[in-house]
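Reader: I've got a chain open on my screen and would like to talk it through with you. Can we go over it bit by bit, with the reasoning spelled out?

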Amino acid sequence: MDIKLKDFEGPLDLLLHLVSKYQMDIYDVPIVEVIEQYLAYISTLQAIKLEVAGEYMVMASQLMLIKSRKLLPKIVEAEPEENDPEQELLTQIEEYRRFKAISEEMSAQHDERAKFYSKPKQELIFEDAVLVHDKTIMDLFLSFSHVMAEKQRELKNSHTVVERDDYRIEDMMTVITERLSQSKKLVLNRVFKECQSLPEMITMFLATLELIKVHEVEVEQVENFGDIVLRSVS
């Protein structure tokens, strides 16, 4: 069973998506929280054996440095640092946000002009920006990343050993559809947290994606950072 996720254009695109969820000025967002979400996303990609581009790993190492500096005790310095990695990162995200907004406006204008010409519409290509994202699926993925990180810490602290690792996506799809036949909706975070191991959780997540792909279920997130709800389409 082949399941593919629509990826972000690059690490800045992912960071912009994470920052935008806070609905505040980029320079006011809780940067440590954003970094933890980014690192959880990368960890999840690796856990389900999806290839992670080198540029994401380079950014991850930079973010880990910024996070470690933020968590260290404050030390009074004689002179402020000339190069602040955190401020440089936020500036990069802000510049990318502006570029992306311009790109989207240009694309909209192109689409509008194309309505008045009989010749075939030509596709606009912006090498450094993604114009369309399936936000719902990516929010689902990021939410799962957060829950998986929590489960990893829980299993590590409890020293739990789970032998079984032969979970099948088809079986988990059946579990989800049967539960939806008994209830109008499922809160996915709760479903994931009920899993007893990481293999079970990952298989449950992939089963959810496959059900969405074949249009048997739909997902909904009413507000940023809110619960992601799964409903049956039929």
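**Walking through the fold**

Author: Ser183 sits in the loop between α6 (169-182) and β1. Keep in mind that this is a predicted model.

Reader: OK, staying with Ser183: which backbone oxygen does its side chain reach?

Author: Ser183 is partly exposed, because its relative accessible area is 32%, and that value falls between the 20% and 50% cut-offs. Its side chain makes a polar contact at 3.0 Å, and the partner is the backbone oxygen of Lys185.

Reader: And how far is Ser183 from Ser232, C-alpha to C-alpha?

Author: Along the chain the two are 49 residues apart. Ser183 belongs to the loop that precedes β1, while β3 covers residues 228-232 and is joined to β1 by bridges. In space, the C-alpha atoms of Ser183 and Ser232 are separated by 9.4 Å.

Reader: Let's do the sheet, then. What is the order of its strands?

Author: Start with the pairs. β1 (residues 185-187) and β3 run antiparallel and are joined by 3 bridges, and β2 (residues 217-221) pairs with β3, also antiparallel, over 5 bridges. That gives an open sheet of 3 strands in the order β1-β3-β2.

Reader: Which strands are the edge strands?

Author: An edge strand here pairs on one side only. β3 has bridges to β1 and to β2. The edge strands are β1 and β2.

Reader: How much does the sheet twist, on average, from one strand to the next?

Author: The sheet has antiparallel pairing. From one strand to the next, the twist averages 25°.

Reader: I'd like to check the register. What is the bridge partner of Leu186 in β3?

Author: Take the neighbouring bridge as a guide: Lys185 has Arg231 as its partner in β3. β1 and β3 run antiparallel, and the bridge partner of Leu186 is Leu230.

Reader: On the β2 side, which residue of β3 does Glu220 stand opposite?

Author: β2 spans residues 217-221 and pairs with β3 in the antiparallel sense. The β3 residue opposite Glu220 is Val229.

Reader: Now the helix ahead of β2. Is α8 largely enclosed or largely exposed, and why?

Author: α8 has 16 residues and reaches 22 Å from its first C-alpha to its last, close to the 22 Å expected. Of those 16 residues, 13 are buried, so the rest of the structure leaves α8 largely enclosed.

Reader: Which residue caps the N-terminal end of α8?

Author: Look in the loop between α7 (188-193) and α8 (198-213). A residue there is buried, with a relative accessible area of 3%, and its side-chain oxygen lies 3.3 Å from the backbone nitrogen of Glu200. The cap is Ser197.

Reader: What about the other end: which residue with a positive phi follows α8?

Author: Most residues other than glycine have a negative phi. In the loop between α8 and β2 there is a residue that is exposed, with a relative accessible area of 62%. Its phi is near 65°, and the residue is His215.

Reader: Where does Gln23 lie, and what is its phi?

Author: Gln23 lies in the loop between α1 and α2 (31-47). With a relative accessible area of 69%, Gln23 is exposed. Its phi is positive although the residue is not glycine, with a value near 50°.

Reader: Is Asp13 buried or exposed, and at what relative accessibility?

Author: Asp13 lies in helix α1 (residues 11-20). Buried means under 20% relative accessible area, so Asp13 counts as buried, at 2%.

Reader: How far apart in space are Asp13 and Lys100?

Author: In sequence they are 87 residues apart. From C-alpha to C-alpha, the distance between Asp13 and Lys100 is 9.1 Å.

Reader: Stepping back, what pattern does the protein follow along the sequence?

Author: The protein has 8 helices and 3 strands. Read in order, the pattern is α-α-α-α-α-α-β-α-α-β-β.

Reader: Last one: among contacts between residues at least 6 apart in sequence, what percentage join residues at least 24 apart?

Author: For background, 40% of the 234 residues are buried, and the protein exposes about 14,800 Å², with carbon and sulfur atoms supplying 50% of it. As for those contacts, the share joining residues at least 24 apart is 72%.

How values were computed. Residues are numbered from 1 along each chain as its sequence is written. This is a predicted model: local features need pLDDT of at least 70, side-chain atom pairs count only at pLDDT 80 or more; totals for chains, interfaces and linings use all residues. Side-chain values use heavy atoms; hydrogens and water are left out. Helices (H or I, at least four residues) and strands (E, at least two) are DSSP runs, numbered from the N terminus. Buried means under 20% relative accessible area, exposed over 50%, partly exposed in between (1.4 Å probe, protein chains only). Two strands pair if DSSP finds at least two bridges between them. Contact means heavy atoms within 4.5 Å. Accessible areas come from the Shrake-Rupley method with a 1.4 Å probe; for residues, only the protein chains shown count as cover. The expected span of a helix is 1.5 Å times one less than its number of residues. A polar contact is a pair of N or O atoms within 3.5 Å; within protein, one must be able to donate a hydrogen and the other to accept it, and residues adjacent in sequence count only if both atoms are side-chain atoms. Axes are lines fitted to C-alpha atoms, for helices over the stretch in contact, and angles run from 0 to 180 degrees between N-to-C directions.
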